[in-house]
Amino acid sequence: MPLENINPVVYQVSDDREITADEENDDVVDLIDSREIFDLIRDINDPEHPLTLEELNVLESANIQVDDKASRVTIQFTPTIPHCSMATLIGLSIQVKLLRSLPTRFKVDVKITPGTHASEQAINKQLGDKERVAAALENRHLLAVVNRCLTPAK
Amino acid sequence: MGTLTELCVLEAHHNRAWHVAWNPQGSLLASCGGDKLVKIWGEEGDTWVCKTVLEGGHQRTVRCLDWSPCGSYLASVSFDGTTAIWDRKGGEFECSATLEGHENEVKGVSWSRGGSLLATCSRDKSVWIWEVDEDQEYECASVLSSHTQDVKCVLWHPHEDVLVSTSYDNTIKMYTDDGDDWSCFTTLASHDSTVWAADLDCTGTRLVSCSDDKTLKIWQQYMPGNEYGVKTEGNNPTWKCVCTLSGFHDRPIYHVKWCHLTGLIVTACGDDCIRVFEEDKSCSDAVNQPSFHLLVTQSPAHSEDVNCVSWSPVRPGLLASCSDDGLVKLWQFTGES
Amino acid sequence: MSFRHCQKRNLRKQKVGLPCHCYVYDCIVALLLAFYIDRLKDHHAVTPHVLRGIAVLGRHQLLSGDGVATILHNLNSEVHAQSLTAGDRRHMYSLVTFFLQQRLTDIQPLGADFVCGFIQMMDGEKDPLNLMLAFQSVRIIAQNLQLGVFAEELFEVVACYFPIEYKPTPTATETVDQEELRRRLRQCLTATSKFSEYCLPLILEKLTSSVTSAKIESLHVLTAGAEVFGTEGLREFHGSLWSCIRREIFSAVNDTLNRAAECALTSMVTALSNDITEKKNLSEFEEFIGRVFEDTIRHLREPTQQMIGASTEVLLAVAQGSHYACQKVIGRVVPLLLEQFHSSQQTAQKKGALEVLLQHIKICGVTWQDRKDESPLAAYRDSIFTIFVSLLCGATVELRLLALSGLAQLVGTPNMVVDTERPLVAEHFVRTLLGDRNPTVRDEAVKALASMAALCPFVVRDTAQEMIVPHLNHEPKHEDESHDGEPLVTHEFLLKALATVSVEHVHVAVETTSTFVQHLERLLAENSTLDGALHEAEVTCQCLHQATSACVTDSSIAQNLCANLLTKCVGILVHGALVDSSGNKRLVTNSSIVELLSSVVRTIVQNLDADGAEEVMSLMVEMFIDSNLDWLNNAAATCPVKFEPLQAHIPRQSELIERLLAIATQCCHLVSSISAAKCIGGIINKMSAGRDLDTLVQTICVSVTSRMEPSSVTPEQRGQAVTLWTWCTKALVLRSHPQQTLFAEKIGWKTHSCARLPLKHFPGCSSESHDILSSAMHADIKIMYRQRFFLTTLPKLVQCFHQVDSDQKQYHLAALSSLLKFMPKQVLIAELPPLLPLLVQSLNSQQVAVWLSTLSTLSDLIAEMPDIFSRHIDDFLPRLLDLTQYRPDMTVRISALKCLAQFTTLPEHVILPQQDRVTRHLVSALDDHKRLVRKAAVDTRTK
């Protein structure tokens, strides 16, 4: 019987960000950059595999665009397979994590990397609908699933 | 050109403020939000204060509000799937009825012009019409399932029993009672994404709609046998998109209101701004090819997404807005000649 | 005239108010009763006093049945209860309650008259204490008297209180427990099946309201009443009740509400199942359960997770209702899930189906626990078992993990795995832990085997010995390597697996201890110098320790086996030390191996009886003193003296102490000197009081004091002296020796210039240690020693804190912090609050360094003392929130945020009111211009 993505490829995890002298100097302003956003979300667990989104290459630093001055963040994530039934949940988890972690001034768009999912448009539209997202987060069951994704494995 | 002057800032809700609505007399403003509360605001001296907090009516986010035409009843709808009717007796509000029926989140509510019909719409893709009798008993008169996706907003025609709904399926639909039952008589399709809201002008012959596709559209009603030769079906009018305003908004437009006193259009946008538009008076074909221009962009009006704007029904240019930042703000628009 | 009248009334009040405790005959009782009853007709001002008299008379054993009737009749006709004070009414209620409890047969003939009278009496009652009594009475009345036409009225007179809310006023002297009040009201509403026609509509009405607390309370009433009302009572209502319950469970707004709805559902199912012997009732039950299935089963087929969860909750609640219901649910759900498992294409769906299946198996196991007949699962047993076994070789990690936990659960469920299959399951577990390519799966297999060990130890023991132990005898095979060249299953993994399984059952542990000892002997004999060998030996020792700890829980086994094991362990140590004169680095004398083996020895000795201990003791001392002194310099010396039980006599003590002192102060081998210091502490603690002890303390005092001065000796020697001093101090404080104060004071944090050194040693001494001076090692511990230690040291410490320069304060705060952590909770609750101002003051000081150490002290304390900080959260929070925005120094901002994160560990009722405020403050920290601050803020925000 055909199974969905039984043995995903596991990718090398990037090293922790090195703390620079500038970062320890209180007089220097550290702009929020794509690596910082990446660090916020790389450890989110995949809902299906006991792996993080980074390990599955769902998230890559290069697919994150940040403009700190304009307060915009755009994230593209790549589902492991084009029919992944958990893509919406993954997107939602990313959104919730950023909702809790980023300054409120930011406008965050979470989308599927173009051409990597069969229902790309539908899922993007759903993730972009803040009313649906808000209602989903009031559902105890769904919130529990999202929180499970956001709880660090270790 | 014009200016928006901030009159007052009300710390209304602990999180997202979703909707604001004026009572028909313009003396009270109701707001609702993610903290499950409805708050009633009134003017005291030169500021506005919270008169009452309506608690316990809903168990989840209160999404939308509407006052009955007589001003005695306030309807609130919530993600918990219910509609609450608040009865204003001697200044005190009391929850007199809870309408259940929608399968999940109710997103919009509207009273008809006479107050005898109430419409609600939901994530369950349906629009419900409720009949109100003299004893304030509510009876479901019709369940309309024309949309293929969740219905975001409902509103009644200012003079007729015609209902408008907008949806995640990118369309706007209109309904009438054909004597037998309520049914959809026309579908307005032109937007490329969710239609968040719509509003009719004071004549009820023009509609403005706003969308996730970052545009505003103006729709014109054409009656059967109209002088412009626009085709119609049966006794029902046809609506056509006569103007699209694009390039003004940077993010989804969540709400739009057409002022029945001044004819101005105001929008609430996800780019934190409020914008006011006016129709060009010197237009050659004002019916079939109207044009609109931007009078003012209040940037930013709030520190987060603006969710709703509403013109005062009695004081020209008085405007209320609310936002994800939990604030409700009052503004005065002044035009420059 | 009016004056006289008034006087007379007062007099009468005094007379009638005197209750008669003297010896009375039945005729006197009757006479007195007639008198009192007559007085009820007097002026109403007398009534309260008359009531008190009647209350006493009414309890008299000689009161006749007629007397009871007379009292009740006249109370109804002559007294208007609700115009009396609450206290006077209480006399009436308590008398009626007394009658109902003790004289029920006298009341029963009164029938409806009494019921009617009682209804009038309590109608309009508002006092909670009185309601407690009244509710109690109503329950007895409803269950024991003919209610006649008054059934509805009796119900209404209590139903009007539902759902009862009661909050005691702060000034109230006597209060009522709201839960108890609610419980009694529930008992009234559900007292008799006659109430069903009134109670169920009431429940329905409240369930359709929007007040959550009313809904929850209604569901509690339904839970309590369903069985009383029975099928007959529920007949008309179960449909609507189900709709309400379904709505609550499916909308999933509130956990408490959900639980209550599930309990109510279970209770309804129980009630409906009770009467199914009658045919018409059976169809009623079928109708109800049919409706439930219709609303839930279809969701099990849908892929949306939320509905599956809610539907499963419903089905499980139904299955718990009765055996019959359980049978029905299993019969409907299990085939569906099996089919779904086989037909679905996606891992997530297969997994989902199996998870729901396991939940049902669990419930069925519980429900069928005490029954002899065949469980409804029996029909599916084979296919379920086959699925889980076959999944062990499944393609995905998730399914293999699920297979393991599923099989473990099946083993634990009665009748799911037959005896002959058990060895098979154990073999599957072992094969998985040896052969699976995924480390998580292997770990899970160990856990599964361990959980099985608790249930069938012998099966697991034999399988483990047969299949795992042989792998320890040779190096991991080459073909077992994973792709990166590391062996798939290392010796370390196997050892740890054996240990994990051992701790579950003593019979398994007994077997593995000898496995571990053999393995250790083999490793030591090979004496490889590789790091890997040392590590493996360490692991073996740790595992041995775990298994030993499991063995000694059974005292009969402990004496025999442990004596054997003890000899082996000491033998290994001593043998190793003796042959080490060559000075080569040897595994056996490595300090960590010695330390670990010592702890094994300690574990055994702690559990020996007195004779055994005595024997071991003399053996040790002989070895220590009479052997060659060369090996004293080696760490092997660390094991002996530390484990003397209280009763055991130490031979040749003075000789021993002399040697130990020399080692403690002069030996250059650090482990040896610290061990010797501990030994001395142990001996001082246990020596019997008298001249010998005083002399010894004096000797130590003289020889060590000078060595603690900075000038005289090297820093290392000073360190040794301070270590010895702290251990001696602790030993003295523990036994409450008169010299304790002297020693404690000299720990020496008042020497400004070198405050750091003693303070550094302080935490080690003030915390609990496992190897010595602990109750497990039979130390002489006088009660309240922590308090004594705390109280002798604290004033000095606080005084010094205020005296020293601000740049030294941080060390004192650190010492204070360790001292505070050392205190038992009860003491801290009294002692900490006076110190809190000191902490607040430190936070408000001008010194950044003081802030930082205060913040770290606070972080430690919050975790320890959640109660105290829950009460003082307001003292700290504002300043803490300020510091999160302290512009000049980012380290302060970061520390403040970390400390704030600790506050989130406090109980929810403390946190929730602050949540908004803190979250709002964090908004600016999340937008800090420094990345490291933002990171700390995110950690705090997402806690």
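In this predicted model, B:Ala17 stands opposite B:Gly33, a residue of strand S3 of chain B. The two strands concerned are S2(B) and S3(B), the latter covering residues 28-33, and they pair in the antiparallel sense over 5 bridges.

This pairing belongs to a wider arrangement in chain B, where 4 strands form an open sheet in the order S2-S3-S4-S5, with antiparallel pairing. The edges of that sheet are strand S2, at residues 17-22, and strand S5, at residues 47-54, each of which pairs on one side only. From one strand to the next, the twist averages 25°.

The UniProt record, an unreviewed entry, places the feature "repeat: WD" on chain B at residues 10-41, 55-87, 99-140, 144-175, 188-220 and 299-337. Two of these spans are described in the table below, with the distance between their end C-alpha atoms and their content of helix and strand.

| Span of chain B | Distance between end C-alpha atoms | Helix | Strand |
|---|---|---|---|
| Residues 10-41 | 9 Å | 0% helix | 56% strand |
| Residues 144-175 | 9 Å | 0% helix | 53% strand |

Chain B also touches chain A. How many residues does the contact take from chain B, and how many from chain A? The contact takes 15 residues from chain B and 10 residues from chain A. On the side of chain B that touches chain A, the residues divide into 8 charged, 5 polar and 2 nonpolar.

Technical notes: Residues are numbered from 1 along each chain as its sequence is written. Chains are lettered from A and ligands numbered from 1 in the order in which they are written. This is a predicted model: local features need pLDDT of at least 70, side-chain atom pairs count only at pLDDT 80 or more; totals for chains, interfaces and linings use all residues. Two strands pair if DSSP finds at least two bridges between them. Axes are lines fitted to C-alpha atoms, for helices over the stretch in contact, and angles run from 0 to 180 degrees between N-to-C directions. UniProt positions are given in the numbering used here, feature names are shortened, and annotations may be inferred rather than shown by experiment. Two residues are in contact if their C-beta atoms, placed from the backbone, lie within 7 Å. Ala, Val, Leu, Ile, Met, Phe, Trp, Tyr, Cys and Pro count as nonpolar, Asp, Glu, Lys and Arg as charged, and the others, Gly among them, as polar.
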